[in-house]
Amino acid sequence: MSVKKQLERLAALGASYHKNGWMPGTAGNLSVRIPGESGFWVSGSGLDKNLLNKRNFLYIDLETGKPDPSRNSKTEKGLKPSAESSIHRAVYRSLETAGCGLHVHSLESNLIGAGTSSAEPIALLELPNIEILKAYGIWEENPKVYVPIIYNFSNVQDISDCLERYLKVYKPAVPFCIIEKHGITVWGKDSVQANRNLEAADFILKYMVSWKSFSYPGEKKNVLPVGNADPSAAAELDREEVFSTEFPVYPASFS
């Protein structure tokens, strides 16, 4: 699919998400990475997502995190990247298979809390054992599946650093993370899969909020502070061991 078609696809998704209430005001952003390229396209700052078009996307260099002027000649004049572009960059820098990122501000993702803080910025939330988990290829009976919740730093780059550190050290069981009192970021190999993953994640969060279905296995434990990750120290740990030694599973609550 051409870049033009991919950006038009993202624009259509933006209109749909705005209608769903997932991108109120100018909240959220959408991105795509073209295989073989050294950057990614992301929606610009301050745009109504129900009015997006292909000229509303900026090409960001993956290494520098800045717009590449040579690729943005047809971009709308004066368009600036959102601070949240760094969240998409964190996903692409961490996961080679990620080809699309969707960051939305759904109500349910804001209602689920985990008591994170700047000192302990990552928590894990156990997801309910419901049928929709199969959307992520999880077919085992009574699985233990966790999603990371990240503290909503005022500086978005700190959120991105947390996410990148987590993704580089641990293989997530599900392709999304929650930013507490902020929103949800979902990824996939392309826009079709990412959209499917977002729909499944939204269903899970709606279920949890509707039934207050939160699980609290384990006790609160220490978590590595931002910027102090040691990927080599934990890269070989399996999922269960990681969760018992590194990240706390907080009692989740409503905001």
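The secondary structure of the chain, taken from a predicted model, comes to 7 helices and 10 strands. Of its 255 residues, 52% count as buried. Contacts across the sequence are well represented: among contacts with a separation of 6 or more, 69% join residues 24 or more positions apart.

A good place to start looking is the pairing of two helices. Two packed helices are described by the angle between their axes and the distance between the axes. Here, helix H1, spanning residues 3-20, packs with helix H5, spanning residues 191-211, at an angle of about 15°, and the two axes lie 11 Å apart. Angles under 35 degrees count as roughly parallel, and H1 and H5 are therefore roughly parallel to each other. Their crossing is right-handed. On the H1 side, the contact is made by Arg 9, Leu 10, Leu 13 and Tyr 17, while H5 contributes Ser 191, Val 192, Asn 195 and Leu 198. By character, the residues of this contact divide into 5 nonpolar, 2 polar and 1 charged.

The same helices lead on to the interior. In soluble globular proteins, nonpolar side chains tend to be buried together. In this model the largest nonpolar core has 71 residues, and those with the most contacts inside it are Leu 10, Tyr 17, Leu 127 and Phe 176. Helix H5 supplies the largest share of this core, with 8 residues. Two of the names just given, Leu 10 and Tyr 17, also belong to the H1 side of the helix contact. Tyr 17 is worth a closer look on screen. Beyond its neighbours within four places in sequence, Tyr 17 is in contact with Trp 22, Met 23, Leu 30, Leu 102 and Val 104, as well as with Asn 195 and Leu 198. Asn 195 and Leu 198 are among the H5 residues that make the contact with H1.

Two loops deserve a mention for their backbone geometry. Most residues other than glycine have a negative phi, and most peptide bonds are trans. Asn 142 has a positive phi, near 50°, in a residue other than glycine. Asn 142 sits in the loop between strand S6 (122-126) and strand S7 (146-150), and is exposed, with a relative accessible area of 56%. Lys 181, likewise not a glycine, has a positive phi of about 55°. Its place is the loop between strand S8 (176-179) and strand S9 (183-188). Lys 181 is exposed, with a relative accessible area of 55%.

Notes: Residues are numbered from 1 along each chain as its sequence is written. This is a predicted model: local features need pLDDT of at least 70, side-chain atom pairs count only at pLDDT 80 or more; totals for chains, interfaces and linings use all residues. Side-chain values use heavy atoms; hydrogens and water are left out. Axes are lines fitted to C-alpha atoms, for helices over the stretch in contact, and angles run from 0 to 180 degrees between N-to-C directions. Helices (H or I, at least four residues) and strands (E, at least two) are DSSP runs, numbered from the N terminus. Angles under 35 degrees count as roughly parallel, over 145 as roughly antiparallel, 65 to 115 as roughly perpendicular and the rest as oblique. A crossing is left-handed if the near helix is turned anticlockwise from the far one by less than a right angle, and right-handed if clockwise. Contact means heavy atoms within 4.5 Å. Ala, Val, Leu, Ile, Met, Phe, Trp, Tyr, Cys and Pro count as nonpolar, Asp, Glu, Lys and Arg as charged, and the others, Gly among them, as polar. A nonpolar core is a set of buried Ala, Val, Leu, Ile, Met, Phe, Trp, Tyr and Cys residues joined through side-chain atoms within 4.5 Å. Buried means under 20% relative accessible area, exposed over 50%, partly exposed in between (1.4 Å probe, protein chains only).
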